[in-house]
Amino acid sequence: QVQLVESGGGLVQPGGSLRLSCAASGSIFSINTMGWYRQVPGKERELVAAITSGGYTNYPDSVKGRFTISRDNARNTVFLQMNSLKPEDTAVYYCNAAIVTFEQPRYKHLEVWGQGTLVTVSS
């Protein structure tokens, strides 16, 4: 059983910073891409950052230059450093990971989501 646990959300003023963490645990053989998504009421969940096992990153224009994704492969953990936060960044942020487990006689690929952590950017 594999799960992702997020932490670090909260209330911050515009221009402030937050650092989100997400740790994967369970029967993990390997983890490929990890990422962060966010969602607000009435809108589709959107990608905010992704990072491959080799360290390549991808960001949408809305967060480029402000958000940085990183990972600690030894601890199966991904981070999202959010700087210069804006009110429009307010959302529930979800961690996501493509995880490989082993179930005989085959490997199994899973797309796992975290519970979500609320980030509120407001004065």
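Me: Before I look at single residues, what does "buried" mean here, as against exposed?

Reply: Buried means under 20% relative accessible area, exposed means over 50%, and partly exposed is in between, with a 1.4 Å probe and protein chains only. This is a predicted model, where local features need pLDDT of at least 70 and side-chain atom pairs count only at pLDDT 80 or more, while totals for chains, interfaces and linings use all residues. Residues are numbered from 1 along each chain as its sequence is written, and side-chain values use heavy atoms, with hydrogens and water left out.

Me: Okay, try it on Thr77: buried or exposed?

Reply: Thr77 has 11% relative accessibility, so Thr77 counts as buried. You'll find Thr77 in strand β8; strands (E, at least two residues) are DSSP runs, numbered from the N terminus.

Me: And what does Thr77 touch?

Reply: Contact means heavy atoms within 4.5 Å. Leaving out residues up to four places away in sequence, Thr77 touches Cys22, Ala23, Met34, Ser70, Arg71 and Asp72. There's also a polar contact to look at (a pair of N or O atoms within 3.5 Å; within protein, one must be able to donate a hydrogen and the other to accept it, and residues adjacent in sequence count only if both atoms are side-chain atoms). Here a polar atom of the Thr77 side chain sits 2.9 Å from the backbone oxygen of Arg75.

Me: How many disulfides does a search of the whole structure find?

Reply: In general, a disulfide is a covalent bond between the sulfur atoms of two cysteines. The search criterion is a pair of cysteine sulfur atoms within 2.5 Å, and the whole structure gives one. Cys22 is joined to Cys95, with S to S at 2.1 Å. Cys22 is in strand β3 and Cys95 in strand β9, so the pair ties together parts 73 residues apart in sequence. The torsion about their S-S bond is about -85°, so this disulfide is left-handed. Both Cys22 and Cys95 are buried.

Me: Which residues touch the most other members of the largest nonpolar core?

Reply: A nonpolar core is a set of buried Ala, Val, Leu, Ile, Met, Phe, Trp, Tyr and Cys residues joined through side-chain atoms within 4.5 Å. The largest has 29 residues, and Trp36, Leu80, Met82 and Tyr93 touch the most other members. β9 gives the most to this core, with five residues.

Me: What does β9 pair with?

Reply: Two strands pair if DSSP finds at least two bridges between them. Eight bridges join β9 to β10 (residues 106-113), and the two run antiparallel. They form a hairpin with two residues between them, and Ile99 stands opposite Leu110 in β10.

Conventions: Helices (H or I, at least four residues) and strands (E, at least two) are DSSP runs, numbered from the N terminus.
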